[in-house]
Amino acid sequence: MKRVLLASIAACVAMLPAGSLRAQESIKVGVLVSYSGMTSLGGQQTDAAIKLFQSKYGDAPGGHKIELIRRDTTGPNPEVAKRLVQEAVTRDKVQILLGPDFTPNTLAAAPIVTEAKVPTFVIGAATTGIIGEKSPYLTRTFFATPQLCKPLAPYAVKNNWKNVFVMVADFAPGHDCEKIFIDALKEAGGTLAGNLRIPTRNPEFSAYTQRIKDAKPDAVFIFMPLGELSLGSLRAMSDSGLKAAGVKIMGTGDITDESYVDAVGDAALDVITTGMYSTQHNSAMNKEFVAEYTKLNGASPRMGWGAIAAWDALRLVYDGLEAQKGAKFDPDKFMAFVRGRTFESPRGPITIDKGNGDIVQNVYIRRTEKVNGVLQNVEIETLANQSFK
Amino acid sequence: MTSIATVLFNGVAYGMLLFIMSVGLSVTLGMMNFVNLAQASFSMFGGYIVVLVVQRLGLPFLVSLPIAFIIVGLFSIVIERLVFRHFYGTDDLTQVLLTIGLVFMSISTASYFFGGTYQRIDMPAWLSGQRDIFGLTLERYRIFIVVSGAILSLVLILGLERTKLGGMVRACVDNPRAANGCGLNTQMIFAVTFAIGGGLAGLGGALSANLLGIDPNFPLRYLVYLLIIVSVGGMGTIGGTLIAAVTLGVADVAGKYYFPSFGGFVIYAITIAVMLWRPRGLLGRTA
Amino acid sequence: MNAARDIVLATRNLRMAFGGLAVFDNLNFELGRGERHAIIGPNGAGKTTFVSLVTGLLTPISGDVEFNGAAITRLSPQQRVKAGIARTFQINTLFRGLNPLESMVLALCERDGRSGQAVTSVSREKPQIDEALAMLERFGLQEGALTLTDMLPYGQQRLLEVALALALKPQVLLLDEPAAGLSTQQGHELFSQLVELTAGTTILFIEHDMNLVFRYAEKVSVLAAGSMVVQDTPDNVRNHPRVREVYLGV
Amino acid sequence: MTTLDTSAPATGKEAARAKFAGYFVGLSRWKIGEVLFWLALVGAYFVPDMNIILLGHILIWGLFAMSLDLLLGYRGIPSLGHAGFFGIGAYAAGFLGKYGWTEPISGLLFAMAIAGAVGLVTGRFVQRVHGVALLMVTLSLNLILYDAVHRATDVTGGDDGLQGIVIDPVLGLFRFDIFGKTAYWYALIVTFLLFLVARALVKSPFGLSLLGARENTRRMIMLGAPIERDVSFVFAISAALAGAAGALLTQTTQFVAPSALSFDRSADVLVILIIGGTARLYGAFIGAIIFLFMRDWLAALSPVYWYFWIGLLLVIVVSFFRRGVLPTLETLLQRLRAR
Amino acid sequence: MASDAQTAALEVRNLSAGYGPAKVLHGIDFTLARGEMLVVIGRNGVGKTTLIETICGLTTHHGGEISVHGQRVDSMPAYRRNHLGIGWVPQEREVFPSLTVEENISVVSRAGSKWPLERIYELFPRLAQRRSNYGSKLSGGEQQMLAIARALATDPTVLLLDEPVEGLAPLVIQELIGAIRKMRSEGDLAILMVEQKFEIALANSDRCLVIDHGELVHACESSTLLADAALLDRLVGVGH
């Protein structure tokens with residue numbers, strides 16, 4: 001018994017991650033995203049964007065050598081995320097964080113980054129009421145739910161799709177988006193044909209498509225998390241004949257995200273979505289970005305929003321560190337630098353709100369089309385400087 | 001009226017898919033008393049074979065189905081010989097741990113070879129879109145699923161009822177000891193059954209690739225349903241598995257249609273009710 | 001009720017069937033207090049079913065089981081045990097992962113209502129431990145008292161089976177083939193011990209070894225074809241023509 | 001074969017008697033290994049660079065696995081829905097903290113009471129079901145509870161977690177700091193105290209009757225044991241301990257989300273317990289140490305493919321440590337000693 | 001009693017066996033010649049069924065030899081012993097309940113068997129009538145006939161019968177005994193039968209073995225034992 005325990009304790013001690021040596025001038029940046037499980041693509045894209053960024057801009061902005069600490073949040077798992085943030089901050093002495101992704105993870109981490117004064121870039125959580133409210137050290141380069149959920153309501157009414165059916169995933173962000181859209185729809189003078197909440201487990205859509213058919217709407221608005229649900233919902237719209245019957249399919253950009261849209265196939269054609277970024281965005285900066293990204297990371301998996309969010313976060317990190325050239329890293333000065341900053345991103349111009357720290361950006365209405373045989377989100381309308389509220 | 005009929009039909013189609021995926025698990029559980037959760041991984045494997053055959057090799061979808069059945073069947077027998085046979089007779093929890101470990105490994109392996117995203121499968125035109133039958137507008141692919149599921153059930157049930165191998169399998173399920181004493185090579189029959197069960201799981205995965213989507217997490221997403229169907233139906237009974245799968249498929253779809261806010265619970269509520277009422281499943285033997 | 005014989009356990013018009021196959025039709029049986037009573041009969045006559053009906057593991061279709069004059073047909077097996085009926089099983093029904101000492105202490109704690117005590121160590125249950133030791137010694141089980149039951153020789157397991165039931169100090173002890181699997185000598189030892197240890201306890205036993213039956217039973221009942229064919233003294237039973245018939249075949 | 005120390009010659013009846021009488025005392029006596037185990041957990045805090053945040057979580061998982069051990073290891077009742085109780089404790093503590101009852105120790109006790117009460121009801125509900133049917137019933141109950149919590153966003157915050165949980169400093173003195181120091185001590189002390197409760201329980205006559213019912217229900221019935229009462233009671237105790245683990249997680253992280261009662265957690269805790277070894281309490285902790293350290297280590301080493309290695313770990317454990325790591329090591333040690 | 005290993009249908013030498021680690025049989029020796037019928041008698045629970053199942057290969061072998069026509073089989077799995085000629089009629093019949101009568105026979109039948117389906121139905125006309133009934137729906141006697149039929153279908157040279165007349169009505173017993181006689185008369189089938197009802201057993205066999213507590217205590221001609229009431233009573237009887 002005694003020896004067993006001693007041996008196991010020794011083994012555990014040996015298994016501890018070795019404490020890393022810290023160079024004075026280096027800056028530790030924690031990257032806490034999901035590398036495994038159902039949500040592993042986010043982590044892969046973050047890594048790909050970081051790789052590209054560093055190959056272009058080096059790894060020592062303003063003389064601060066960047067040292068990356070990567071950890072896997074495994075998806076929406078606040079208990080693990082909180083521990084990883086805690087470890088990153090207290091043990092690895094991380095000074096800047098990218099992530100954690102997912103709203104619950106971010107919420108769980110907020111008190112720690114506040115107490116430890118660690119500037120944190122939200123690159124994978126969209127819920128309102130996180131940034132600014134939960135911590136002065138949180139800022140966002142992703143998007144905020146209203147930015148994507150609001151615009152399609154007036155757009156639909158404008159196009160005379162007045163009777164809209166709303167279908168969202170039955171979890172907190174879905175409920176959020178449902179409310180925002182329905183309010184906006186009423187405000188725009190449209191009518192609600194019906195609404196449905198789809199369980200996040202066991203999504204078999206045929207019962208729901210039948211209900212939508214029964215309601216005979218002009219259009220359907222869909223909000224689903226990336227993955228099984230986003231994929232399944234679009235295919236169900238197509239398979240059930242709703243789309244063929246002329247019902248317009250709309251939704252947030254998740255449902256036609258580039259990394260999944262190939263699996264959706266032709267069912268995604270002509271779907272109208274809101275998005276913060278499309279690889280088709282027509283700007284010189286984006287063309288260069290897409291070409292270099294593809295060259296470095298290959299064409300598959302295709303680039304999704306995780307990459308652009310990480311890219312812009314790094315832009316801010318590098319610029320902020322450059323501004324503190326030769327000085328010891330000061331998180332408050334860094335946050336002051338980041339807030340209120342406006343810059344050109346491959347997605348278009350973006351601004352970090354001075355008062356709140358959340359993102360203000362263009363939102364694009366896109367139609368999914370085949371471009372050179374590949375499904376792409378083609379921007380058809382630009383809504384400039386959309387608020388996060 | 002037409003809505004109800006369509007909902008029912010869709011439920012049956014969903015149930016058929018679940019049936020094909022779970023029937024192998026049911027038979028191996030009933031016959032060998034072996035809890036093989038990796039059956040869900042076999043299904044995923046079948047799905048990826050369709051992806052390879054249809055998307056990469058460009059062969060027709062119909063050709064990919066028998067290929068998935070055969071390859072997964074052969075693969076399952078390799079696994080059975082290499083790993084599982086050492087664990088016959090161990091307790092359930094050990095088998096659960098072993099096979100869930102294999103499921104984890106299969107997830108990473110799939111993600112290594114195919115990436116984390118969902119796979120695209122182009123269906124031939126005759127399987128896409130809708131078709132009007134008896135005044136109902138039904139999805140062509142679901143019609144295909146129902147028809148092939150019905151044929152498969154018929155083949156399985158007849159095969160088990162009318163062939164000598166089927167008789168041997170039933171004899172082994174009934175009483176493996178007596179079967180052995182009467183000259184049946186139970187080990188060999190187990191192995192063949194295992195291969196067929198694995199092949200069916202692969203076929204189920206192949207058929208569901210279009211409807212449910214194939215990605216590395218497929219096994220974990222459907223494992224619970226397979227377990228529920230097998231236990232509700234009664235282990236080792238093909239008829240029971242069919243009834244359970246179709247009932248749960250219909251109940252799920254109908255529940256979601258009529259009570260969208262509680263629809264997700266229906267399957268679980270039925271499971272609890274059946275397990276309290278008949279702990280060995282609907283058609284399970286009372287030992 | 002019965003002046004000559006104080007009836008402790010009786011069955012009245014017991015009817016029992018398994019899936020339509022009748023086992024008993026109107027089974028009447030009486031067990032006098034203090035008796036050592038054997039039930040014999042061919043395989044499949046329903047002897048074990050009879051014991052299970054008396055102990056409550058099975059419920060009859062109709063009829064009653066009476067204990068001390070009161071019907072206990074509706075009582076749970078546990079209530080019957082508490083009332084004073086204990087039994088052993090034909091196939092060892094032991095705690096294979098516990099040792100005899102633990103098994104015995106467990107039985108005694110259950111008997112004395114100590115089993116709900118979840119706070120202090122078993123080692124504090126001094127009276128039960130002492131009695132357990134005495135019991136094991138009396139049964140000659142002290143050698144293997146700390147060996148896993150599963151690892152004990154079969155004969156000792158058989159003894160433990162009886163010892164656990166006897167530890168409950170029952171009024172009636174039902175023994176289902178106690179000597180099954182024992183050697184002749186062991187069987188005789190077991191029975192002579194039982195006679196000694198159970199003075200005052202009424203014993204009903206099922207046994208195939210006629211030597212044991214006729215030597216140790218004071219009364220013998222013959223169960224065949226769903227009813228008690230004969231209930232009489234050993235000598236009368238031995239010479240009864242029906243007994244030879246049911247026991248030896250055509 | 002025997003567990004008896006055969007080297008000591010039994011001299012006469014009295015000596016044997018003394019030895020047997022001491023058997024139960026020996027069973028409940030503290031072994032040196034046990035003392036070292038807990039001392040090591042205390043000492044771990046002082047080891048430089050020790051990841052006490054992770055270790056704190058491991059303690060909580062260990063406590064959770066230990067609660068399952070009472071049910072599965074000692075009573076032989078498997079459950080695939082144990083995270084339900086964990087989650088009920090976690091949410092109970094969370095709601096208390098949110099609505100003003102911010103004192104941690106009473107909050108913990110309250111959470112235990114709630115979880116225990118649910119356990120008692122569950123125990124009565126499922127006690128006639130066994131084996132696979134029981135697994136499916138507990139699994140389904142767990143899934144229903146998860147879905148309910150997950151979807152009731154107005155009450156629970158759904159996926160985003162319960163917002164606004166405030167937990168006071170422990171005893172008014174020790175604030176839960178970001179270094180996880182208070183969390184570690186709090187988790188260690190609570191876990192140790194509840195371990196003492198569980199230890200007393202399994203060494204008591206009630207614990208013995210649990211083992212009896214696990215080994216042979218039929219015989220227990222024929223000893224007149226109140227099987228149904230015992231099942232409800234052990235369910236309640238197990239649920240209360242699981243609830244304590246959940247409450248500890250909420251209090252030390254000041255956060256609770258539906259993942260606290262997900263089916264994955266039920267599966268993980270079962271895996272931890274089986275890896276460590278059932279029916280010895282420490283198996284739960286050893287399992288938690290192995291599983292969580294390995295998971296953390298592998299996830300850092302191979303963020304994308306660590307699932308593969310965890311899977312391999314499970315296969316290796318069932319191949320070479322059939323009854324779990326701790327029992328196998330114990331057997332090995334006994335063999336070495338016997339030599 | 002002299003035996004020649006080459007010609008013996010079944011030879012058992014110093015056989016010890018049981019279920020798991022528990023030993024039930026201790027050093028059993030006997031030989032069964034071609035065409036011979038041997039009965040094993042003894043009280044309940046003395047190891048008779050264990051002996052049958054050990055020869056079949058369904059118990060734990062602890063030591064000793066079993067040979068069929070001179071070939072050692074004691075380490076073979078049960079199904080291979082069956083293929084070498086050991087047919088088994090289990091004590092509880094153990095017919096396959098979810099198979100029909102005909103399937104019960106056909107799943108185990110061998111090509112070129114001396115006992116094709118027609119011949120079996122000839123032997124048991126009752127089975128022919130009930131050929132499409134499920135095993136679970138048969139009466140006890142029919143189950144017994146089916147169990148024997150199933151064993152015959154495996155083309156045995158040695159048939160092991162475990163209490164074939166147990167629990168059957170006298171008329172059915174007569175029918176069964178008639179069938180067993182017929183089976184013997186049409187070839188050199190060797191039969192080892194375990195039976196509780198020893199008067200029937202002895203009257204229909206050549207030799208007998210008496211087992212008590214796992215040991216062979218007596219072996220003689222059946223007729224000798226049947227004639228010696230005192231000896232019979234002492235070995236297996238009621239009373240002293």
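Modeller: A helix here is a DSSP run of H or I with at least four residues, numbered from the N terminus. This is a predicted model, in which local features need pLDDT of at least 70, side-chain atom pairs need 80 or more, and totals for chains, interfaces and linings use all residues. Residues count from 1 along each chain as written, chains are lettered from A and ligands numbered from 1 in written order, and side-chain values use heavy atoms without hydrogens or water.

Biologist: What makes H9(A) stand out in the lining of the second largest cavity?

Modeller: H9(A) gives the largest share, 5 residues. The full lining has 16 residues, where lining means an atom within 4 Å of a cavity point.

Biologist: Which elements give two or more residues to that lining?

Modeller: They are helix H8 (206-215) and helix H9 (228-239) of chain A, with helix H8 (186-212) of chain B.

Biologist: Why is the space called a cavity?

Modeller: Because, on a 1 Å grid over the protein atoms alone, a 1.4 Å probe fits there but cannot get out. The second largest cavity holds about 190 Å³, and the whole structure has 7 cavities of 30 Å³ or more.

Biologist: Why does Arg142(B) count as charged but Gly232(A) as polar?

Modeller: Arg is grouped with Asp, Glu and Lys as charged, and Gly falls among the polar rest, so the two residues are classed apart. Both lie among the residues nearest the centre of the second largest cavity, whose lining divides into 6 nonpolar, 4 polar and 6 charged.

Biologist: How do you know where confidence in chain D is lowest and highest, by element?

Modeller: By mean pLDDT, the predictor's confidence from 0 to 100: helix H1 (residues 12-28) of chain D has 80, the lowest, and helix H4 (residues 83-98) of chain D has 97, the highest.

Definitions and conventions
On a 1 Å grid over the protein atoms alone, a cavity is a set of points where a 1.4 Å probe fits but cannot get out, and a pocket is an open set with protein on both sides within 12 Å along at least five of seven lines; lining residues have an atom within 4 Å of a point. Grid points are joined across faces, edges and corners, and a volume is the space filled by probe spheres set on the points.
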